[in-house]
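Me: I would like to learn how to read the packing of helices and strands in a model, one feature at a time. Could we start with a pair of helices and then move on to the sheet?

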Amino acid sequence: MIYLDYNATTPLCEAARTAMLPFLEGKFGNPSSVHAAGREARAAIDDARDRLADLLGAKAHELIFTSGGTEANNLAILGLARSRAARGKHLISAKTEHHAVLNTIEHLEKREGFEVTWLNVSQTGRIDLDHLTDAIRDDTVLVSIMHANNETGVTQPLREISQICRERGVLLHSDMVQSFGKIPIDDTSANERDDVSLVDAASFAAHKFYGPKGAGLLFLRSGIPIEPVHFGGAHENQRRPGTENVAAIAGMAAAAEFVERDREQEQARQGNLRDQLWREISAQISPVVLNGDAHRRLANTLNISLPALDSETMLMALDLEGVCASSGSACMVGSVVASHVLLAMGLPLAFARSAIRFSVGKYTTAEEISATASIVSEIVQRTNAKRSEKTVPV
């Protein structure tokens, strides 16, 4: 199998597995219990929180553990918007956000009386900063802009966005699920360490950086009130009730350290693999279109359109050849539909329906890239040959 769907999920790294095992076997205490077994579990959570805070340039009490990126996004948007509803009910986001953000904001708009300004993006997938500035009103209480797009890998200018929001006194949340472990939070800074100080809230998911599924976290700047969206206990400083998943949290911290350890070198390697795949595919197939900003994007992500055949046909053919890829988001329960991200970028419907996303990772090899390019070319050639046979008069 050639796995080129790392943006959907990543394999569990050995460091995370090792960190999780004790809490999947003998150490099973409830971290809220006061006895020795409970204190042992609580110590593991506290240690993970400290280590993650150090990686993010945050304070330990600013991290809220969740079940993943979707819950972190929901908690940030619902909790921050509702806590400020008395000040105003206007929200701003982009049309290219993940559905965990889009659907949450749409809920507030349809069910709770909020108004929403949806920012357009350019053909390269970047928001217009002037549009953002003009969209902010006196009653704007929250802006939510993702750091890196999960489908195209296109990154947004977070420092400039932060500056605009700070000047206007508006909170900024960023979905950083795809960017953590790949690019620095502030790519304009010479500081090699991550620093979440640009934003007021940020969402993360462990399984995107070689940690376990079912674990995530929300960074929330100290002193910012938030309304919980779940009820039932005082866990996570009364912001997210429920017994913490000790094993997953321990694994998340270990995975974060694992992916950050050689981030710069690994991303350079992955960028070379991504570019190799584009070169080899574009040399063998025509027409083929590169989707998204060619320069300001994640090093591991290649999104292309092959107008000769639709996404579903290509994905099924790739699967039969042992290649795992995607048409975009992996959160649509197996459905293959035209990407809302690509449509928002102005791509024709035919191009959006023929888009394929390849995302490489730590275990991808140059040999796998060359093999994939050849397989894609063979699939296109077979498809074209079948079409030619059907058009030949009998």
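Me: In which hand does H1 pass H8, and at roughly what angle do their axes cross?

Reply: Two packed helices are described by the angle between their axes and by the distance between those axes. In this predicted model, H1 passes H8 in a right-handed crossing. The axes of H1, residues 14-24, and H8, residues 246-261, come within 7 Å and cross at roughly 165°. Since angles over 145 degrees count as roughly antiparallel, H1 and H8 are therefore roughly antiparallel to each other.

Me: Which residues of H1 and H8 make the contact, and how do they divide into nonpolar, polar and charged?

Reply: From H1 the contact draws on Ala15, Ala16, Ala19, Met20, Phe23 and Leu24, while H8 contributes Val246, Ala247, Ala248, Ala250, Gly251, Ala254, Ala255 and Phe258. By class, the residues of this contact of H1 with H8 comprise 13 nonpolar and 1 polar, with no charged residue.

Me: How would the same reading go for H3 and H4, that is, at what angle do they pack and how far apart are their axes?

Reply: H3, residues 69-83, lies on the sheet, and its packing with H4, residues 99-111, is at an angle of about 30° with the axes 9 Å apart. Angles under 35 degrees count as roughly parallel, and H3 and H4 are therefore roughly parallel to each other. The crossing of H3 and H4 is right-handed. Thr70, Asn73, Asn74, Ile77, Leu78, Ala81 and Arg82 of H3 meet Ala100, Val101, Thr104, Ile105, His107 and Leu108 of H4, and the classes in this contact are 7 nonpolar, 5 polar and 1 charged.

Me: Taking one residue of that contact, is Leu108 buried or exposed, and what does Leu108 touch?

Reply: Leu108 is found in helix H4 and has a relative accessible area of 0%, so Leu108 is buried. Leaving aside residues up to four places away in sequence, Leu108 touches Ile77, Leu78, Ala81, Arg82, Leu91, Gly113 and Phe114. For Ala81, which lies 27 residues from Leu108 along the chain, the C-alpha atoms of the two are separated by 8.5 Å.

Me: Turning to the sheet, what is the order of its strands, and which are the edge strands?

Reply: Strands of a sheet pair through backbone hydrogen bonds, either parallel or antiparallel. Here an open sheet of 7 strands has the order S2-S8-S7-S6-S5-S3-S4, and its pairing is mixed. The edge strands, each pairing on one side only, are S2 (63-66) and S4 (115-119). On average, and with direction ignored, neighbouring strands of this sheet are turned by 20° against each other. H3 packs on the sheet, where it touches S2, S3, S5, S6, S7 and S8, and the direction of H3 makes about 160° with that of S7.

Me: Where in the sheet is the pairing parallel or antiparallel, for instance between S6 and S7 or between S7 and S8?

Reply: S6, residues 171-175, pairs with S7 in the parallel sense over 3 bridges, and the bridge partner of Ser174 in S7 is Ala202. On the other hand, S7 and S8, residues 216-220, pair in the antiparallel sense over 5 bridges; in S8, Leu220 stands opposite Ala201 and Leu218 stands opposite Ser203. S2 and S8 also run antiparallel, joined by 4 bridges, with Leu217 of S8 as the bridge partner of Phe65. S3, residues 90-94, and S5, residues 140-144, run parallel and are joined by 4 bridges, with Ser93 opposite Ser144 in S5.

Me: How many residues of S7 are buried, and which of them lie on one side and which on the other?

Reply: In a regular strand the side chains alternate between the two faces of the sheet. In S7, residues 201-205, 5 of the 5 residues are buried, so the strand is largely enclosed by the rest of the structure. Both faces of S7 are covered, with Ala201, Ser203 and Ala205 buried on one side and Ala202 and Phe204 buried on the other. S8 is mostly covered too, 5 of its 5 residues being buried: Gly216, Leu218 and Leu220 are on one side, and Leu217 and Phe219 are on the other.

Methods
Residues are numbered from 1 along each chain as its sequence is written. This is a predicted model: local features need pLDDT of at least 70, side-chain atom pairs count only at pLDDT 80 or more; totals for chains, interfaces and linings use all residues. Side-chain values use heavy atoms; hydrogens and water are left out. Axes are lines fitted to C-alpha atoms, for helices over the stretch in contact, and angles run from 0 to 180 degrees between N-to-C directions. Helices (H or I, at least four residues) and strands (E, at least two) are DSSP runs, numbered from the N terminus. Angles under 35 degrees count as roughly parallel, over 145 as roughly antiparallel, 65 to 115 as roughly perpendicular and the rest as oblique. A crossing is left-handed if the near helix is turned anticlockwise from the far one by less than a right angle, and right-handed if clockwise. Contact means heavy atoms within 4.5 Å. Ala, Val, Leu, Ile, Met, Phe, Trp, Tyr, Cys and Pro count as nonpolar, Asp, Glu, Lys and Arg as charged, and the others, Gly among them, as polar. Buried means under 20% relative accessible area, exposed over 50%, partly exposed in between (1.4 Å probe, protein chains only). Two strands pair if DSSP finds at least two bridges between them.
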